[in-house]
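Q: I am new to this structure and would like a close look at a single part of it, the long sheet of one chain, with enough of its surroundings to see where it belongs. Could you walk me through it slowly?

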Amino acid sequence: MTAATAPPHFLTHFAISWELDAAGMTGGATLDPQLCLPGSSTPRAAALAVLADNAAGYVGAFALDEIAPTIDLSLHVFRTPSAPTVAYKCRPLRRGRRVAVLETWFTTPGHAEPWAVSVATFLGTGRPDPVIHVMPTADEPPFTPASELDEPLDRRLGITVLAPGVLGLPRRDHVSNGRGTVQGGIVALLIERACESALADARDPGGGPIGDAQVVTGLDVRYLGAVRRGPARAEASVLRDDDGGSHLWVTVVDAGDDDRLVAHAFVTTRSTP
Amino acid sequence: MSEPTPTHDLPHFSEHLDFRWESGDGSFTARAEVQEHLRVPGSLLPRAGVLAMYADNLGGFMCSVGFATPAPTVDLSVHVFRRPVSPVLHLESRFLRRGRSVSVAETWFTCEGESDPFATAVASHMATGDPAESAFDLEHAKRRRAKPTAMLDEPIAARAGIRAVGDHTVELAPAAHVINGIGTLHGGMLALLAEEACIVSLAGADGRGHVVTGLDVRYLSSPRVGPARATGTALRSDDAGTHCWVEIVDAGDGDRPCVHAFATTRTVPGPPGSSA
């Protein structure tokens with residue numbers, strides 16, 4: 001019997017490369033197929049949120065002189081990319097004393113027109129975080145080497161379906177951020193999966209696979225606290241669902257910390273043919 | 001043609017909102033009958049910018065009382081997901097997060113006689129500093145609440161003073177009837193300006209009618225000189241609707257960026273200004 005090997009950090013499955021300069025960050029990524037929608041090469045919205053939170057987190061850290069927590073992140077996908085390779089640019093919109101607002105545009109490599117945009121806010125605490133975090137450099141790029149996601153996404157993350165629309169996610173090192181808590185984009189991924197589960201059940205109660213013919217195109221996530229103990233538990237409620245798409249409301253709690261509320265989200269989906 | 005009313009004689013925009021709010025333990029509630037000129041033409045749906053005004057006021061009051069200081073808005077999002085069935089609304093703001101420096105308030109909009117909301121808003125507010133130096137004037141807000149509702153005889157955007165200055169651009173000058181308690185353009189009014197920029201830019205682009213059903217507004221700094229100038233850019237447009245990106249700058253202060261917003265629209269039959 002061999003000891004279980006800790007999985008590589010989740011961001012290694014994005015094959016990220018980027019450069020930081022005074023204007024922000026220019027990056028690229030090739031997403032593992034499991035980070036795309038089932039049966040397609042279209043990146044999941046939450047996978048983009050993972051990239052946006054990572055990019056904006058670094059640019060925000062330079063703006064605020066500390067690794068600051070994300071307090072909100074919105075993502076708008078307005079065209080459907082057809083490849084898992086994405087380019088992105090992150091720039092500060094606001095560099096305040098305590099608050100930094102960062103925007104990330106996603107494009108197809110070689111094209112200028114964005115197909116998705118994210119905006120995120122970071123709040124400086126003014127107190128150095130005890131977690132030591134080394135900022136990557138060009139010589140020591142982040143989250144390398146890139147690695148294949150060699151098991152199903154849910155299994156790798158430890159996502160479990162507790163009930164239709166209710167999913168759990170344990171806190172593990174390979175999904176942590178620079179502060180040692182669950183990365184904001186991973187929380188968004190849990191939210192996206194909870195929505196898929198809720199919609200699948202709404203359309204086919206008690207059955208049907210997770211991942212109906214609905215694609216998340218809008219995420220508006222408010223991070224209200226950190227997942228310190230875990231597991232995180234997301235519960236999605238359908239506010240409206242029709243032929244064109246749906247709106248859902250999601251709450252995420254730290255189930256290991258007396259169900260403390262840690263995130264709140266509105267999610268918009270569009271129906272796919 | 002009559003001369004426009006001097007802005008200093010105009011009622012404050014909040015007096016048009018019929019905004020009867022009450023403070024409670026952990027939440028603030030309000031009842032409002034949304035008058036015609038605050039709604040999408042021919043519809044019971046309040047304009048997204050008007051919903052932002054309600055949410056910014058109610059949630060902002062709640063956060064300000066919590067901090068005991070004025071609490072400027074950091075960001076505000078509005079999501080409309082059903083058509084309202086009545087102009088009489090019940091609003092409830094509650095804390096999602098009650099921090100030392102940042103609080104997050106959620107506001108649900110529900111029609112009279114219904115239990116499920118047709119729209120929601122979420123906003124973050126930041127404390128401005130020491131309560132001893134800049135206390136929130138709750139009594140002033142209560143006095144304004146006690147005033148009778150001022151009826152509009154023109155659309156709220158026109159009354160505010162929003163005017164088109166190009167195919168994709170609208171402006172709003174700071175004036176007494178559109179400012180907040182700290183003397184700058186009210187966050188809800190800036191949301192309405194963003195909504196107007198979106199609609200103007202889309203009308204110029206395709207000639208169709210659009211109703212804004214989603215607003216995601218980031219307040220980067222206050223327009224201090226003015227006018228605030230908003231420019232809309234369509235990012236995607238198809239039969240179902242559009243996504244529009246709006247930037248608001250302080251045109252009197254070197255085009256300093258003030259607001260950044262994304263608007264989502266649904267296309268409606270007919271020309272611009274048609275009903276939802």
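A: What follows starts with the chain as a whole, goes through the sheet, and then turns to its surroundings.

The model is predicted, and the part to look at closely is the sheet of chain B. That chain contains 4 helices and 12 strands, and its C-alpha trace spans about 50 × 50 × 40 Å along the principal axes. A compact globule of 276 residues would have a radius of gyration near 19 Å, and the 18 Å found for chain B agrees with that. Of the 276 residues of chain B, 53% count as buried. Among the contacts in chain B with a separation of 6 or more, 70% are between residues 24 or more positions apart.

The sheet itself is an open one of 12 strands, paired in the antiparallel sense, and its order in chain B is S1-S2-S4-S5-S6-S3-S9-S12-S11-S10-S8-S7. At the edges stand strand S1 (20–23) and strand S7 (163–164) of chain B, and because each has a single partner strand, one side of each is left without a neighbour in the sheet.

Within that order, S9 of chain B stands between S3 and S12, and this is a good place to slow down. S9(B) is mostly covered, since 11 of its 11 residues are buried, where a residue counts as buried if 20 or more other C-beta atoms lie within 10 Å of its own. Towards one neighbour, S9(B) runs antiparallel to S3(B), with 5 bridges joining the two, and in this pairing B:Leu76 stands opposite B:Val217 of S9(B). Towards the other neighbour, S9(B) is joined to S12(B) by 10 bridges, again with the strands running antiparallel, and here B:Asp216 stands opposite B:Phe262 of S12(B). In a regular strand the side chains alternate between the two faces of the sheet.

One step further along, S12(B) also pairs with strand S11 (residues 241–250) of chain B, in the antiparallel sense and over 10 bridges. In that pairing B:Cys244 has B:Ala263 of S12(B) as its bridge partner.

The sheet can also be read against the domains of the chain. Chain B is divided into domain 1 (14–129) and domain 2 (162–276), and the C-alpha centres of these two domains lie 19 Å apart. Their contact takes 24 residues from domain 1 of chain B and 22 residues from domain 2 of chain B. On the domain 1 side, the elements that give two or more residues are helix H1 (48–67) and S3 of chain B, and the largest share, 8 residues, comes from S3(B). By class, the residues on this side of domain 1 of chain B divide into 13 nonpolar, 7 polar and 4 charged.

At the end of domain 1 of chain B, whose bounds are 14–129, there is a loop worth a brief stop. B:Gly129 is found in the loop between S6 and helix H2 (138–145) of chain B, and B:Gly129 is exposed, because 12 other C-beta atoms lie within 10 Å of its own. Leaving aside residues up to four places away in sequence, B:Gly129 touches B:Thr69 and B:Ser134. The C-alpha atoms of B:Gly129 and B:Thr69 are separated by 6.9 Å, although the two residues are 60 residues apart along the chain.

The strands of chain B also take part in the contact with the other chain, in which 26 residues of chain B meet 27 residues of chain A. Several strands of chain B each supply at least two residues to this side, among them strand S3 (73–80), strand S9 (209–219) and strand S12 (256–268). The side of chain B that touches chain A has 12 nonpolar, 7 polar and 7 charged residues.

Finally, chain A offers a strand to set beside this picture. In strand S3 (residues 70–77) of chain A, 8 of the 8 residues are buried, so this strand is largely enclosed by the rest of the structure. S3(A) pairs in the antiparallel sense with strand S6 (residues 114–123) of chain A over 7 bridges, where A:Thr70 has A:Phe122 of S6(A) as its bridge partner. S3(A) also pairs in the antiparallel sense with strand S9 (residues 214–223) of chain A, over 5 bridges, and there the bridge partner of A:Asp72 is A:Arg222 of S9(A).

Terms used: Residues are numbered from 1 along each chain as its sequence is written. Chains are lettered from A and ligands numbered from 1 in the order in which they are written. This is a predicted model: local features need pLDDT of at least 70, side-chain atom pairs count only at pLDDT 80 or more; totals for chains, interfaces and linings use all residues. Two residues are in contact if their C-beta atoms, placed from the backbone, lie within 7 Å. Ala, Val, Leu, Ile, Met, Phe, Trp, Tyr, Cys and Pro count as nonpolar, Asp, Glu, Lys and Arg as charged, and the others, Gly among them, as polar. The radius of gyration is taken over C-alpha atoms; the globule rule is 2.2 Å times the number of residues to the power 0.38. Two strands pair if DSSP finds at least two bridges between them. Domain bounds come from an automatic or database domain assignment.
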